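User: Please take a close look at one small sheet in this model, then set it beside the other packed parts of the chain. I am a first-year student, so explain each term when you use it.

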Amino acid sequence: MEGWGFALPTTWEELSEEIEKVEGIVVRRNVSLRDLTSWRVGGQVPLMVDVCNLSAFLELIQNLEKGKVCWRVLGAGSNILPRDEGYEGILIRLKGELSQASLGGGGFVEAGAGISLPKLASLALSLGLGGMEFLSGIPGTLGGALKINAGCFGQEIGNLVEQVLIWERNQGLHWVNRVQAGFGYRSSSFKKEGVVLIKALFKAFPDSKEVIKKRMEELQARRAEHQPQGVFCAGSVFKNPVGDYAGRLIESLGFKGLRVGQAQVSNKHANFIINLGGAKADEIRFIIKWIQGEVFRQKGIFLENEVEFWS
Ligand SMILES: Cc1cc2nc3c(=O)[nH]c(=O)nc-3n(C[C@H](O)[C@H](O)[C@H](O)COP(=O)(O)OP(=O)(O)OC[C@H]3O[C@@H](n4cnc5c(N)ncnc54)[C@H](O)[C@@H]3O)c2cc1C
(Lines give C-alpha, C1' and ligand atoms only; values in the text may rest on other atoms or scores of the structure.)
Protein backbone atom coordinates (compact mmCIF):
# COMPACT_ATOMS: atom_id res chain seq x y z
CA MET A 1 0.00 0.00 0.00
CA GLU A 2 1.20 3.49 -0.80
CA GLY A 3 2.00 5.53 2.31
CA TRP A 4 0.45 8.93 2.82
CA GLY A 5 2.22 11.96 1.56
CA PHE A 6 3.19 13.44 4.90
CA ALA A 7 6.67 13.57 6.30
CA LEU A 8 7.24 13.76 10.04
CA PRO A 9 6.97 16.03 11.90
CA THR A 10 3.54 17.01 10.68
CA THR A 11 0.64 19.04 12.02
CA TRP A 12 -2.74 17.70 13.06
CA GLU A 13 -4.18 19.75 10.22
CA GLU A 14 -1.98 18.07 7.60
CA LEU A 15 -2.68 14.69 9.06
CA SER A 16 -6.40 15.37 9.09
CA GLU A 17 -6.28 16.30 5.40
CA GLU A 18 -4.49 13.05 4.52
CA ILE A 19 -6.88 10.93 6.55
CA GLU A 20 -9.93 12.60 5.02
CA LYS A 21 -8.85 11.31 1.59
CA VAL A 22 -9.50 7.72 2.67
CA GLU A 23 -12.90 6.48 1.58
CA GLY A 24 -15.10 5.32 4.44
CA ILE A 25 -13.63 7.68 7.02
CA VAL A 26 -15.09 10.71 8.77
CA VAL A 27 -12.71 13.05 10.59
CA ARG A 28 -13.59 15.54 13.32
CA ARG A 29 -11.15 18.13 14.67
CA ASN A 30 -10.81 19.26 18.29
CA VAL A 31 -13.36 17.07 20.02
CA SER A 32 -14.00 17.11 23.74
CA LEU A 33 -13.83 13.90 25.77
CA ARG A 34 -16.52 15.43 27.93
CA ASP A 35 -18.96 14.75 25.08
CA LEU A 36 -17.65 11.24 24.50
CA THR A 37 -17.53 9.67 27.95
CA SER A 38 -20.33 8.55 30.26
CA TRP A 39 -18.63 10.39 33.14
CA ARG A 40 -18.76 13.57 31.04
CA VAL A 41 -15.18 14.49 31.89
CA GLY A 42 -11.91 14.98 30.03
CA GLY A 43 -10.22 17.54 27.85
CA GLN A 44 -9.69 18.01 24.14
CA VAL A 45 -8.45 15.59 21.51
CA PRO A 46 -7.06 17.02 18.25
CA LEU A 47 -8.55 14.39 15.91
CA MET A 48 -11.30 11.82 16.05
CA VAL A 49 -11.66 9.41 13.17
CA ASP A 50 -14.74 7.30 12.53
CA VAL A 51 -13.87 4.33 10.32
CA CYS A 52 -16.78 2.71 8.51
CA ASN A 53 -15.27 -0.41 6.96
CA LEU A 54 -12.35 -2.78 7.32
CA SER A 55 -10.28 -1.56 4.37
CA ALA A 56 -10.51 2.05 5.61
CA PHE A 57 -9.44 0.88 9.05
CA LEU A 58 -6.45 -1.03 7.67
CA GLU A 59 -5.29 1.87 5.54
CA LEU A 60 -5.61 4.23 8.50
CA ILE A 61 -3.87 2.04 11.06
CA GLN A 62 -1.01 1.03 8.80
CA ASN A 63 -0.24 4.65 8.04
CA LEU A 64 -0.59 5.80 11.63
CA GLU A 65 1.79 3.06 12.70
CA LYS A 66 4.24 3.93 9.95
CA GLY A 67 4.12 7.60 10.96
CA LYS A 68 4.39 6.67 14.69
CA VAL A 69 1.25 8.69 15.42
CA CYS A 70 -0.39 7.99 18.82
CA TRP A 71 -3.88 6.52 18.59
CA ARG A 72 -6.48 4.92 20.81
CA VAL A 73 -9.77 3.21 20.14
CA LEU A 74 -12.83 4.71 21.75
CA GLY A 75 -16.01 2.72 22.22
CA ALA A 76 -18.90 4.33 24.05
CA GLY A 77 -16.52 5.86 26.61
CA SER A 78 -18.38 4.14 29.47
CA ASN A 79 -15.39 2.56 31.18
CA ILE A 80 -12.64 5.17 30.96
CA LEU A 81 -11.42 8.05 33.08
CA PRO A 82 -9.56 10.43 30.79
CA ARG A 83 -7.37 13.37 31.74
CA ASP A 84 -8.65 16.93 32.13
CA GLU A 85 -5.70 17.83 29.88
CA GLY A 86 -7.15 15.66 27.10
CA TYR A 87 -5.27 13.25 24.89
CA GLU A 88 -2.65 14.28 22.33
CA GLY A 89 -3.39 11.65 19.72
CA ILE A 90 -6.07 10.24 17.46
CA LEU A 91 -9.26 8.62 18.68
CA ILE A 92 -10.51 5.87 16.40
CA ARG A 93 -14.14 4.77 16.53
CA LEU A 94 -15.58 1.79 14.68
CA LYS A 95 -18.73 2.81 12.85
CA GLY A 96 -20.68 1.85 9.69
CA GLU A 97 -20.17 -1.80 8.75
CA LEU A 98 -17.96 -2.22 11.80
CA SER A 99 -20.90 -1.48 14.08
CA GLN A 100 -23.49 -3.79 12.49
CA ALA A 101 -24.60 -7.30 13.39
CA SER A 102 -26.42 -10.06 11.56
CA LEU A 103 -27.23 -13.72 11.77
CA GLY A 104 -24.63 -15.59 9.73
CA GLY A 105 -24.20 -19.18 8.65
CA GLY A 106 -24.22 -21.98 11.22
CA GLY A 107 -26.50 -20.03 13.58
CA PHE A 108 -23.74 -17.64 14.62
CA VAL A 109 -24.35 -13.96 15.18
CA GLU A 110 -21.59 -11.91 13.57
CA ALA A 111 -21.16 -8.47 15.12
CA GLY A 112 -18.81 -5.56 14.46
CA ALA A 113 -16.92 -4.40 17.55
CA GLY A 114 -18.40 -0.91 17.28
CA ILE A 115 -21.97 -2.08 17.88
CA SER A 116 -23.57 -1.00 21.14
CA LEU A 117 -24.41 -3.84 23.52
CA PRO A 118 -28.08 -2.78 23.92
CA LYS A 119 -28.41 -2.82 20.10
CA LEU A 120 -26.84 -6.28 19.93
CA ALA A 121 -29.21 -7.52 22.64
CA SER A 122 -32.24 -6.09 20.78
CA LEU A 123 -31.12 -7.75 17.56
CA ALA A 124 -30.88 -11.09 19.38
CA LEU A 125 -34.38 -10.49 20.77
CA SER A 126 -35.77 -9.69 17.32
CA LEU A 127 -34.22 -12.90 15.97
CA GLY A 128 -35.53 -14.97 18.89
CA LEU A 129 -32.01 -15.78 20.12
CA GLY A 130 -31.42 -16.18 23.84
CA GLY A 131 -28.37 -15.73 26.07
CA MET A 132 -27.55 -12.09 25.34
CA GLU A 133 -30.22 -10.49 27.54
CA PHE A 134 -27.73 -9.26 30.16
CA LEU A 135 -25.96 -7.14 27.53
CA SER A 136 -29.02 -4.90 27.20
CA GLY A 137 -28.18 -3.05 30.44
CA ILE A 138 -24.48 -2.38 29.75
CA PRO A 139 -24.05 0.92 27.89
CA GLY A 140 -20.79 0.06 26.07
CA THR A 141 -19.75 -1.25 22.68
CA LEU A 142 -18.83 -4.83 21.89
CA GLY A 143 -15.12 -3.93 21.56
CA GLY A 144 -14.96 -2.32 25.00
CA ALA A 145 -16.92 -5.20 26.50
CA LEU A 146 -14.69 -7.93 25.05
CA LYS A 147 -11.58 -6.14 26.24
CA ILE A 148 -12.66 -6.40 29.89
CA ASN A 149 -14.99 -9.38 29.57
CA ALA A 150 -17.92 -7.26 30.69
CA GLY A 151 -20.72 -8.91 32.55
CA CYS A 152 -23.36 -8.69 35.23
CA PHE A 153 -25.61 -10.86 37.37
CA GLY A 154 -23.28 -13.85 37.05
CA GLN A 155 -22.91 -13.70 33.26
CA GLU A 156 -19.95 -12.59 31.14
CA ILE A 157 -19.66 -11.79 27.47
CA GLY A 158 -16.63 -14.08 27.09
CA ASN A 159 -18.85 -17.12 27.61
CA LEU A 160 -20.86 -16.27 24.51
CA VAL A 161 -17.98 -15.67 22.12
CA GLU A 162 -16.65 -18.24 19.68
CA GLN A 163 -14.11 -16.21 17.71
CA VAL A 164 -12.86 -12.65 17.61
CA LEU A 165 -11.19 -10.95 14.66
CA ILE A 166 -8.49 -8.59 15.87
CA TRP A 167 -5.83 -6.37 14.40
CA GLU A 168 -2.61 -6.56 16.36
CA ARG A 169 0.58 -4.53 16.10
CA ASN A 170 3.29 -6.51 14.23
CA GLN A 171 0.80 -9.30 13.47
CA GLY A 172 -1.97 -7.65 11.48
CA LEU A 173 -5.44 -9.18 11.23
CA HIS A 174 -6.07 -12.57 12.74
CA TRP A 175 -8.77 -14.62 14.44
CA VAL A 176 -8.59 -15.49 18.12
CA ASN A 177 -10.71 -18.24 19.66
CA ARG A 178 -12.29 -18.15 23.11
CA VAL A 179 -9.42 -20.02 24.78
CA GLN A 180 -6.79 -17.75 23.23
CA ALA A 181 -8.84 -14.74 24.34
CA GLY A 182 -8.06 -15.78 27.95
CA PHE A 183 -11.25 -14.38 29.44
CA GLY A 184 -11.22 -13.99 33.21
CA TYR A 185 -12.98 -11.75 35.71
CA ARG A 186 -12.96 -8.36 33.94
CA SER A 187 -9.90 -9.35 31.97
CA SER A 188 -8.78 -10.81 28.66
CA SER A 189 -5.71 -11.14 26.50
CA PHE A 190 -6.96 -8.07 24.57
CA LYS A 191 -5.97 -5.85 27.48
CA LYS A 192 -2.70 -4.69 26.01
CA GLU A 193 -1.39 -1.94 23.77
CA GLY A 194 -1.73 -2.19 20.03
CA VAL A 195 -4.81 -4.43 19.79
CA VAL A 196 -8.02 -3.46 18.00
CA LEU A 197 -11.04 -5.73 18.16
CA ILE A 198 -12.81 -5.74 14.82
CA LYS A 199 -15.67 -8.21 15.04
CA ALA A 200 -16.84 -11.34 16.86
CA LEU A 201 -18.88 -14.47 16.29
CA PHE A 202 -21.34 -15.45 18.98
CA LYS A 203 -23.15 -18.59 19.91
CA ALA A 204 -26.84 -18.06 20.26
CA PHE A 205 -29.66 -20.44 20.95
CA PRO A 206 -33.26 -20.14 19.77
CA ASP A 207 -35.68 -19.10 22.47
CA SER A 208 -39.13 -17.57 22.78
CA LYS A 209 -39.14 -13.80 22.25
CA GLU A 210 -41.55 -13.36 25.17
CA VAL A 211 -39.18 -15.22 27.49
CA ILE A 212 -36.15 -13.24 26.28
CA LYS A 213 -38.01 -9.95 26.76
CA LYS A 214 -39.13 -10.95 30.24
CA ARG A 215 -35.54 -11.84 31.22
CA MET A 216 -34.35 -8.44 29.96
CA GLU A 217 -37.02 -6.65 31.99
CA GLU A 218 -36.15 -8.60 35.13
CA LEU A 219 -32.47 -7.73 34.80
CA GLN A 220 -33.30 -4.08 34.18
CA ALA A 221 -35.50 -4.03 37.30
CA ARG A 222 -32.67 -5.54 39.39
CA ARG A 223 -30.29 -2.92 38.07
CA ALA A 224 -32.72 -0.08 38.80
CA GLU A 225 -33.23 -1.35 42.33
CA HIS A 226 -29.53 -1.44 43.26
CA GLN A 227 -27.74 1.07 41.01
CA PRO A 228 -28.09 4.81 40.46
CA GLN A 229 -30.03 5.58 37.27
CA GLY A 230 -29.83 8.50 34.84
CA VAL A 231 -26.56 9.87 36.25
CA PHE A 232 -23.12 10.54 34.77
CA CYS A 233 -20.97 7.62 35.90
CA ALA A 234 -18.95 4.69 34.56
CA GLY A 235 -20.69 1.81 36.30
CA SER A 236 -18.63 -0.04 38.91
CA VAL A 237 -15.36 1.73 39.63
CA PHE A 238 -13.57 -1.18 41.32
CA LYS A 239 -13.51 -4.91 40.70
CA ASN A 240 -14.91 -7.02 43.50
CA PRO A 241 -12.14 -8.54 45.60
CA VAL A 242 -12.19 -12.32 46.04
CA GLY A 243 -15.02 -13.32 48.36
CA ASP A 244 -16.40 -9.82 48.88
CA TYR A 245 -17.98 -6.84 47.15
CA ALA A 246 -16.20 -3.55 46.57
CA GLY A 247 -19.46 -1.64 47.20
CA ARG A 248 -20.03 -3.40 50.54
CA LEU A 249 -16.47 -2.68 51.71
CA ILE A 250 -16.61 0.99 50.72
CA GLU A 251 -20.02 1.41 52.36
CA SER A 252 -18.79 -0.30 55.54
CA LEU A 253 -16.18 2.46 55.90
CA GLY A 254 -18.88 5.11 55.67
CA PHE A 255 -17.87 6.55 52.30
CA LYS A 256 -21.30 6.73 50.68
CA GLY A 257 -21.97 10.34 49.78
CA LEU A 258 -18.26 11.31 50.05
CA ARG A 259 -17.80 14.34 47.83
CA VAL A 260 -14.84 16.09 46.21
CA GLY A 261 -15.87 19.10 44.12
CA GLN A 262 -18.62 17.88 41.84
CA ALA A 263 -17.72 14.19 42.13
CA GLN A 264 -19.51 12.05 44.69
CA VAL A 265 -19.67 8.44 45.85
CA SER A 266 -23.25 7.38 45.11
CA ASN A 267 -25.60 7.17 48.06
CA LYS A 268 -27.32 4.25 46.36
CA HIS A 269 -24.31 2.08 45.54
CA ALA A 270 -20.87 2.81 47.00
CA ASN A 271 -18.98 1.35 44.02
CA PHE A 272 -20.36 4.12 41.77
CA ILE A 273 -18.87 7.61 41.58
CA ILE A 274 -21.12 10.23 40.07
CA ASN A 275 -20.40 13.46 38.27
CA LEU A 276 -22.98 15.80 39.78
CA GLY A 277 -22.38 18.23 36.90
CA GLY A 278 -19.15 19.87 35.81
CA ALA A 279 -16.85 17.54 37.80
CA LYS A 280 -13.20 17.35 36.81
CA ALA A 281 -11.60 14.02 35.95
CA ASP A 282 -9.06 14.82 38.67
CA GLU A 283 -11.79 15.02 41.31
CA ILE A 284 -12.98 11.52 40.37
CA ARG A 285 -9.38 10.28 40.28
CA PHE A 286 -8.79 11.75 43.72
CA ILE A 287 -11.79 9.89 45.21
CA ILE A 288 -10.70 6.62 43.58
CA LYS A 289 -7.15 6.88 44.92
CA TRP A 290 -8.38 7.97 48.33
CA ILE A 291 -10.84 5.05 48.65
CA GLN A 292 -8.15 2.64 47.47
CA GLY A 293 -5.79 3.94 50.15
CA GLU A 294 -8.36 3.86 52.95
CA VAL A 295 -9.71 0.39 52.12
CA PHE A 296 -6.15 -0.90 52.09
CA ARG A 297 -5.22 0.89 55.33
CA GLN A 298 -8.33 -0.14 57.24
CA LYS A 299 -9.13 -3.56 55.74
CA GLY A 300 -5.86 -4.71 54.21
CA ILE A 301 -7.56 -5.25 50.84
CA PHE A 302 -6.36 -3.65 47.62
CA LEU A 303 -9.26 -2.69 45.38
CA GLU A 304 -8.26 -2.96 41.75
CA ASN A 305 -9.77 -0.50 39.27
CA GLU A 306 -12.39 -1.79 36.90
CA VAL A 307 -12.44 1.53 35.07
CA GLU A 308 -9.41 2.35 32.95
CA PHE A 309 -7.36 5.48 33.63
CA TRP A 310 -6.27 7.16 30.43
CA SER A 311 -2.93 8.89 30.82
C1 LIG B 1 -24.47 3.01 33.90
C2 LIG B 1 -23.38 2.02 33.60
C3 LIG B 1 -23.56 0.68 33.89
C4 LIG B 1 -22.55 -0.26 33.61
N5 LIG B 1 -22.76 -1.56 33.93
C6 LIG B 1 -21.80 -2.47 33.64
C7 LIG B 1 -22.01 -3.86 33.93
O8 LIG B 1 -23.05 -4.26 34.42
N9 LIG B 1 -21.00 -4.72 33.66
C10 LIG B 1 -19.81 -4.31 33.10
O11 LIG B 1 -18.95 -5.16 32.85
N12 LIG B 1 -19.60 -3.02 32.82
C13 LIG B 1 -20.55 -2.08 33.07
N14 LIG B 1 -20.33 -0.76 32.77
C15 LIG B 1 -19.03 -0.33 32.23
C16 LIG B 1 -18.96 -0.30 30.70
O17 LIG B 1 -20.21 -0.01 30.11
C18 LIG B 1 -18.42 -1.60 30.13
O19 LIG B 1 -17.16 -1.89 30.67
C20 LIG B 1 -18.30 -1.54 28.62
O21 LIG B 1 -17.97 -2.81 28.16
C22 LIG B 1 -17.25 -0.55 28.12
O23 LIG B 1 -17.38 -0.43 26.71
P24 LIG B 1 -17.10 0.95 25.97
O25 LIG B 1 -17.39 0.75 24.54
O26 LIG B 1 -17.80 2.07 26.63
O27 LIG B 1 -15.54 1.08 26.18
P28 LIG B 1 -14.72 2.42 26.35
O29 LIG B 1 -14.97 2.99 27.71
O30 LIG B 1 -14.92 3.30 25.18
O31 LIG B 1 -13.24 1.85 26.30
C32 LIG B 1 -12.78 0.98 27.30
C33 LIG B 1 -11.48 0.36 26.82
O34 LIG B 1 -11.77 -0.50 25.71
C35 LIG B 1 -10.99 -0.10 24.59
N36 LIG B 1 -11.76 -0.38 23.39
C37 LIG B 1 -13.02 -0.02 23.07
N38 LIG B 1 -13.34 -0.54 21.87
C39 LIG B 1 -12.28 -1.22 21.42
C40 LIG B 1 -11.98 -1.95 20.25
N41 LIG B 1 -12.86 -2.12 19.26
N42 LIG B 1 -10.75 -2.50 20.13
C43 LIG B 1 -9.83 -2.37 21.11
N44 LIG B 1 -10.05 -1.68 22.24
C45 LIG B 1 -11.26 -1.12 22.39
C46 LIG B 1 -10.68 1.37 24.81
O47 LIG B 1 -9.53 1.76 24.10
C48 LIG B 1 -10.47 1.38 26.30
O49 LIG B 1 -9.18 0.89 26.58
C50 LIG B 1 -21.33 0.19 33.04
C51 LIG B 1 -21.16 1.54 32.72
C52 LIG B 1 -22.17 2.45 33.00
C53 LIG B 1 -21.97 3.89 32.63
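Analyst: Start with one pair of residues: Val265 has Ile273 of β17 as its bridge partner. The model is predicted, so local features require pLDDT of at least 70 and side-chain atom pairs pLDDT 80 or more, while totals for chains, interfaces and linings use all residues. Residues are numbered from 1 along each chain as its sequence is written, and side-chain values use heavy atoms, leaving out hydrogens and water.

Strand β16 (residues 263-265) is joined to β17 by three bridges, in the antiparallel sense. Two strands count as paired if DSSP finds at least two bridges between them. Strands (E, at least two residues) and helices (H or I, at least four) are DSSP runs, numbered from the N terminus. The open sheet has three strands in the order β15-β16-β17, with antiparallel pairing. β15 (259-260) and β17 (273-275) are at the edges with a single partner strand each, so one side of each has no neighbour in the sheet.

Helix α8 (residues 281-299) lies across β15, β16 and β17, at about 30° to β16. Such angles run from 0 to 180 degrees between N-to-C directions, and axes are lines fitted to C-alpha atoms, for helices over the stretch in contact. Contact means heavy atoms within 4.5 Å.

Another sheet, also open, has four strands in the order β1-β2-β5-β3, and its pairing is mixed. Its edge strands, β1 (25-32) and β3 (71-73), pair on one side only. From one strand to the next the twist averages 25°. Helix α1 (residues 12-20) packs on this sheet, touching β1, β2 and β5, and its direction makes about 155° with that of β1. Within the sheet, β2 (residues 44-51) and β5 (residues 90-94) run parallel, joined by five bridges; Leu47, for example, has Ile90 of β5 as its bridge partner. Helix α2 (residues 54-66) lies across β1, β2, β3 and β5, at about 160° to β5.

Helices can also pack on each other. Helix α3 (residues 117-127) and helix α6 (residues 209-226) pack at about 155°, with axes 8 Å apart. That makes α3 roughly antiparallel to α6, a label for angles over 145 degrees, where under 35 is roughly parallel, 65 to 115 roughly perpendicular and the rest oblique. The contact includes Leu125 of α3 and Met216 of α6.
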